[in-house]
Amino acid sequence: MVYDIIIIGSGPAGLTSAIYASRAQKNVLVLESEAVGGLITHSPRVENYPGYPSISGLDLADKFVSQAMDMNVNFDFYKVDKIVKKDSEFEVICDNRVYHGLSVIIATGSSHRKLNLENEDNLVGKGISYCAVCDGPFYANKDVTIIGGGNSALQEAILLSSYCKSVTMIQNLSFLTGEKALIDQVNKTNNIKVIFNKIVVGLNGQNSLTSIILKDQITDETSIFDTESIFVAIGQQANNEAFKDFTTLDENGFIITDDFCRCNVDGIYAAGDCRHKAIRQIVTASSDGAIAALQAIRYIDSLNK
């Protein structure tokens with residue numbers, strides 16, 4: 001069977017693509033190797049998606065999935081190993097099967113870089129967050145901690161300082177690594193403090209975070225730092241390893257596209273957090289998904305002329 005559009009990934013970008021393509025009467029397959037719904041399923045509350053003043057990430061993802069299923073979108077659950085172009089079709093190769101499609105939308109998202117510490121996954125949403133824009137308002141008038149010292153950490157510190165009581169940044173180096181303008185702004189903000197030469201080596205708390213264990217990079221001494229909330233801002237990693245020989249990636253592994261989500265190969269599109277872009281939010285992922293689907297539809301229709 002040859003699908004009109006094969007979508008790799010079932011987060012907001014992939015599911016929006018599926019909904020748009022199905023509405024255009026295209027035969028759509030969504031391939032997912034992990035949990036349907038994407039990264040938002042881990043967010044305890046979403047308050048910045050239009051139409052839902054407050055909703056859990058899992059519930060919002062369920063709504064995306066239900067709408068796609070109601071429109072007869074096909075789903076299958078395999079990890080994609082690579083894509084191969086064969087004449088006017090694409091072969092999407094998985095562990096033990098091959099899917100055929102006229103076009104492909106890559107919507108594999110990205111993953112927040114983690115501290116890779118014991119108990120980290122258990123404390124996500126219970127004191128550990130990876131997105132100040134998403135979860136910061138829940139900590140209004142409270143003391144918060146940011147792990148990191150690059151642009152992302154600096155931007156989040158500035159944002160959080162506007163409504164949190166205090167912000168403490170934990171940086172593993174003796175200096176901040178972001179842009180000078182951001183560093184200057186942080187230094188001028190009275191309720192932001194920076195602790196240098198420390199790394200997080202432990203997390204304390206069962207049902208919620210109570211403190212973190214810091215190790216001094218110079219003396220190797222450890223200490224307890226009391227905090228009930230940390231924002232981990234040490235970057236994101238793309239989930240594009242399977243496509244590195246087929247699409248053009250930037251230095252961080254994100255897919256390079258034009259403004260219409262088109263890749264360097266005709267018929268291949270990238271949408272959402274997996275592509276090179278400045279803003280990664282649910283609403284921008286959905287926007288990418290719509291754009292990629294409309295471009296794929298136009299491409300397919302051109303093949304039939």
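Here are a few questions and answers about a helix pair and a pocket in this predicted model.

Visitor: How do helix α1 and helix α2 run relative to each other, roughly parallel or roughly antiparallel?
Guide: Let's start with the angle: the axes of α1 (residues 12–23) and α2 (residues 57–70) cross at roughly 25° and come within 9 Å. Angles under 35 degrees count as roughly parallel. That is why α1 and α2 are described as roughly parallel.

Visitor: Which class of residue, nonpolar, polar or charged, has six members in the contact of α1 with α2?
Guide: From α1 come Pro 12, Leu 15, Thr 16 and Ile 19, and they meet Phe 64, Val 65, Gln 67 and Ala 68 of α2. Two residues of this contact are polar and none is charged. The class with six members is nonpolar.

Visitor: Which strand gives the largest share of the lining of the second largest pocket?
Guide: This pocket holds about 190 Å³ of space. Among its 14 lining residues, Asp 143, Val 144, Thr 227, Glu 228 and Ser 229 are the closest to its centre. At least two lining residues each come from β9 (143–147), β10 (166–170) and β14 (222–226). The largest share, three residues, is supplied by β9.

Visitor: How many charged residues are in the lining of the second largest pocket?
Guide: Happily, the lining can be sorted by class: three of its residues are nonpolar and six are polar. The number of charged residues is five.

Methods: Residues are numbered from 1 along each chain as its sequence is written. This is a predicted model: local features need pLDDT of at least 70, side-chain atom pairs count only at pLDDT 80 or more; totals for chains, interfaces and linings use all residues. Side-chain values use heavy atoms; hydrogens and water are left out. Axes are lines fitted to C-alpha atoms, for helices over the stretch in contact, and angles run from 0 to 180 degrees between N-to-C directions. Helices (H or I, at least four residues) and strands (E, at least two) are DSSP runs, numbered from the N terminus. Angles under 35 degrees count as roughly parallel, over 145 as roughly antiparallel, 65 to 115 as roughly perpendicular and the rest as oblique. Contact means heavy atoms within 4.5 Å. Ala, Val, Leu, Ile, Met, Phe, Trp, Tyr, Cys and Pro count as nonpolar, Asp, Glu, Lys and Arg as charged, and the others, Gly among them, as polar. On a 1 Å grid over the protein atoms alone, a cavity is a set of points where a 1.4 Å probe fits but cannot get out, and a pocket is an open set with protein on both sides within 12 Å along at least five of seven lines; lining residues have an atom within 4 Å of a point. Grid points are joined across faces, edges and corners, and a volume is the space filled by probe spheres set on the points.
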